Amino acid sequence: MKVALDKIKASPTPLRYHEEANALNTPLHQGTAAGDDFRFPAGMDVDLEHYRAGLDVVVQGEIQGTGEGTCGRCLEAYQFPYRQRLRVILAPRASAGDGEDDDLGLGFFDGEEIDVTALVVEHAMLGLPTIPLCNETCRGLCPQCGTNRNVRSCTCDVETSTRKGGLAALASLKIMDGRGGQ
C-alpha cells in the first residue's frame with residue numbers, strides 16, 4: 001500500500017486495509033533462518049491514520065492478526081494473537097541533518113509517495129518475541145531421546161546425561177590464582 005504525498009493533509013485521515021500474508025512473510029524470511037520461526041498465514045488488519053505536521057508526515061495506529069510460530073523448546077507450531085502499535089514520524093530525506101539517521105522515532109521518505117507496507121512489515125517484525133515459545137511452561141524436548149515432554153514423559157535420566165556433556169567439564173576445573181595457590 002502506497003500513499004501519495006499530495007493526498008496527505010493536515011487533518012488525520014484513516015487508512016484501513018488488509019496486508020496480505022505474502023507481503024509480510026517474504027521479508028520476514030529473507031536473510032536469516034531465524035525468520036522461519038514466525039509467519040502470518042492470514043496477513044494482518046491495518047488500522048492507521050496519517051497526517052501532515054509541517055513537512056513531516058505522521059503515521060500511527062495499530063496492526064493486528066494471528067501469528068504462527070515454531071516453539072524454540074518443543075519445535076511444535078503454535079498460533080498467537082498479534083497486536084502492535086505503530087507511530088512513525090517521517091521527514092523528507094532532504095531535510096535530514098548529520099546523525100539524524102540514528103533517531104529511532106524518525107524515519108525518512110523520498111519521492112512523491114510513502115510505502116505504508118514497508119512500515120507495517122518493519123513494525124510487525126519488531127513486535128515479535130525474541131524467542132518463540134508456545135507457552136512459558138513448555139517443557140521442550142528430551143535432550144537424550146527427543147520426546148516432546150509436553151506430550152509424554154520419558155524414562156531418560158536427563159540429569160545424569162546433561163552432566164556428562166556441555167559445560168560439565170568445567171565442574172572439575174581447578175582455578176589457580178597465579179601465585180601457585182587455589
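Which residue forms a salt bridge with E113? In this predicted model, the partner is K2, and the closest N and O atoms of the two side chains sit 3.8 Å apart. That puts the pair inside the cut-off, because a salt bridge needs a side-chain nitrogen of Lys or Arg within 4 Å of a carboxyl oxygen of Asp or Glu. The contact reaches across the chain: E113 belongs to strand β8 (residues 113–115) and K2 to strand β1 (residues 2–4), with the two positions 111 residues apart in sequence. As for exposure to the outside, E113 is partly exposed, at a relative accessible area of 39%. K2 counts as exposed because its relative accessible area is 51% and the cut-off for exposed is over 50%.

The E113 pair is one of four salt bridges in the structure. Side chains of opposite charge can pair when their charged atoms come close. Another case is E68 with R39, whose side chains meet at 3.0 Å, N to O. Here E68 comes from strand β5 (residues 56–70) and R39 from strand β3 (residues 38–39), so the bridge ties together parts of the chain 29 residues apart in sequence. The two partners fall on either side of a cut-off, because buried means under 20% relative accessible area: R39, at 19%, is buried, whereas E68, at 21%, is partly exposed.

Strand β5 also supplies E62, which meets R83 of strand β6 (residues 77–92). The side chains of E62 and R83 form a salt bridge at 3.1 Å, N to O, and the two residues are 21 residues apart. R83 is exposed, with 55% relative accessible area.

Now for the rings. A pair of aromatic rings is described by the distance of the centres and the angle of the planes. The structure has three aromatic pairs. In one of them, F38 and F80 have ring centres 6.0 Å apart and planes at 85 degrees, so the arrangement is edge-to-face. F38 is in strand β3 and F80 in strand β6, so this pair joins parts of the chain 42 residues apart in sequence. F38 and F80 are both buried.

F40 and Y82 make a further pair, with ring centres at 5.2 Å and planes at 70 degrees, so this one is edge-to-face too. F40 sits in the loop between β3 and β4 (44–53), while Y82 is in strand β6, so the two rings tie together parts 42 residues apart in sequence. Both F40 and Y82 are buried. F38 and F80 also belong to an aromatic cluster, with Y78 as the other member.

That leaves the helices. Two packed helices are described by the angle between their axes and the distance between the axes. Helix α1 (residues 21–28) packs against helix α2 (residues 116–126) at an angle of about 60 degrees, and the axes are 10 Å apart. An angle like that makes α1 oblique to α2, because roughly perpendicular is kept for 65 to 115 degrees. The crossing of α1 past α2 is right-handed. On the α1 side, the contact is made by A23, L24, P27 and L28. The α2 side brings T117, V120, V121, A124 and M125 to the contact.

Conventions:
Residues are numbered from 1 along each chain as its sequence is written. This is a predicted model: local features need pLDDT of at least 70, side-chain atom pairs count only at pLDDT 80 or more; totals for chains, interfaces and linings use all residues. Side-chain values use heavy atoms; hydrogens and water are left out. Helices (H or I, at least four residues) and strands (E, at least two) are DSSP runs, numbered from the N terminus. Buried means under 20% relative accessible area, exposed over 50%, partly exposed in between (1.4 Å probe, protein chains only). Rings of Phe, Tyr and Trp (its six-membered ring) pair if their centres lie within 6.5 Å; planes under 30 degrees apart count as stacked, over 60 as edge-to-face and the rest as tilted. Axes are lines fitted to C-alpha atoms, for helices over the stretch in contact, and angles run from 0 to 180 degrees between N-to-C directions. Angles under 35 degrees count as roughly parallel, over 145 as roughly antiparallel, 65 to 115 as roughly perpendicular and the rest as oblique. A crossing is left-handed if the near helix is turned anticlockwise from the far one by less than a right angle, and right-handed if clockwise. Contact means heavy atoms within 4.5 Å.
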